[in-house]
Amino acid sequence: MLFLLNFTFIFSQIRNSEEKTEFVTNSTPRYECLLFDLDDTLYPLSSGLSEACANNIMEFMVPKLGIEEDKVVELNQLLYRKYGTSMAGLKAIGYEFDNDEYHSYVHGRLPYENLKPDPVLRNLLLSLPFRKLVFSNGDDVHVVKALKRLGIEDCFERIISFETLNPKTNEAEVSCVTGHLSENLVICKPTEIAFEKAFDIAQLNPHKSLFFDDSIRNIQTGKVMGLHTVLVGKSRKVDGSDYALESIHNMKEAFPELWLESNSNNNNEKSKRISYAAQFSIATSVEA
């Protein structure tokens, strides 16, 4: 009788462990990739880099492009709103200048010393075993310099930057439409083609990706392209955003499921070990 009771108990343990194993195995993580903007997202607007960048752009427009000083503020705002970046707008309306010279002037004089190592963000990123990528309109030098100042340069699989979306080509290969420069001469967020290229380059599924950005327009395009969207630096959601975070540091409070999903593989392995141990126990009992 005791043998039968032990057998029944062990059999029930096997069934429970198998059901648990099946549940863990079949539970598919909601996300596979986390996609992060850099400026005013991985570091706060209060750093002052964005304001300094805007001033540098306007300073570039006067001596380098010959634009009248009293018109640069309004023009810069118009170009940014229409084309996503001032650089893309200047190129689109016909101004010609070297991309590297522009980036060196605009980003080279930024107060990077305002960015400090962020161990809290570093620990958050390293604790998540998902794919993590940076998706920025900035050039490689700027992105890498900012990430290093934050102490998180090794937390990402790769960087999708200005150079990634706009590889250098021969001048003869630049497309023209009816004698005018194409408006797609510079590819950048928030255009859909920028997102399409990023998805293709990184081989990511937007429907399984979580996108963090401070720009409402970038978020709205990201949503249209199938991404799950998080507006950073705001306390309230807007049209196109699935979530809103005042700070990137609030990730764990806003998305506890990311950390639960990160443990699913460990739980799966643990369930398999329990199942194996139960099977071994029943074999021993029968032999006895």
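User: Which residues touch the most other members of the largest nonpolar core?
Analyst: This is a predicted model. Its largest nonpolar core holds 54 residues. Helix α2 (residues 49-61) gives the largest share of this core, 7 residues. The members that touch the most others are F36, L42, I152, F156, F212, M251 and L258.

User: What is F36 in contact with, leaving aside its neighbours within four places in sequence?
Analyst: Contact here needs heavy atoms within 4.5 Å. With the neighbours within four places left out, the partners of F36 are L42, L125, K132, L133, V134, F135, F156, F212, I248 and M251.

User: How many residues does the other core have?
Analyst: This core lies apart from the largest one. Among its members are I160, A194, F211 and M225. Its count is 18 residues.

User: How far apart are the end C-alpha atoms of α2, and what span should its 13 residues have?
Analyst: Each residue should add 1.5 Å. The rise is multiplied by one less than the number of residues. For the 13 residues of α2 that gives an expected span of 18 Å, and the distance between the end C-alpha atoms agrees: 18 Å.

User: Which helices are included in what covers the buried residues of α2?
Analyst: The buried residues of α2 are L49, A52, C53, N56, I57, M58, F60 and M61. Their cover includes α3 (72-83), α4 (86-92) and α5 (99-107).

User: Which strands stand at the edges of the open sheet?
Analyst: The sheet has 6 strands with parallel pairing, in the order β3-β2-β1-β6-β7-β8. An edge strand has a single partner, so one of its sides is left without a neighbour in the sheet. That fits β3 (158-160) and β8 (243-245).

User: Which residue in β3 does F135 stand opposite?
Analyst: Strand β2 (residues 131-135) pairs with β3 in the parallel sense. The pairing runs over 3 bridges. Opposite F135 in β3 stands I160.

User: What angle does the direction of helix α9 make with that of β2?
Analyst: Helix α9 (residues 192-202) packs on the sheet. There it touches β2, β3 and β6 (209-213). Its direction and that of β2 make about 145 degrees.

User: At what angle does helix α10 run to β7?
Analyst: Helix α10 covers residues 216-224. It lies across β6 and β7 (228-232). Its angle to β7 is about 170 degrees.

User: What percentage of the residues of the protein count as buried?
Analyst: The protein has 13 helices and 8 strands. A residue is buried if its relative accessible area is under 20%. Of the 288 residues, the buried share is 43%.

Methods: Residues numbered from 1 in each chain as written. Predicted model: local features only at pLDDT ≥ 70, side-chain atom pairs only at ≥ 80, totals over all residues. Heavy atoms only, no water. Core = buried A, V, L, I, M, F, W, Y, C linked by side-chain atoms within 4.5 Å. Buried < 20%, exposed > 50% of the residue type's maximum accessible area, 1.4 Å probe, protein only. Helix = DSSP H or I, 4+ residues; strand = E, 2+ residues; numbered from the N terminus. Pairing = 2+ DSSP bridges. Axes fitted to C-alpha atoms, helices over the stretch in contact; angles between N-to-C directions.
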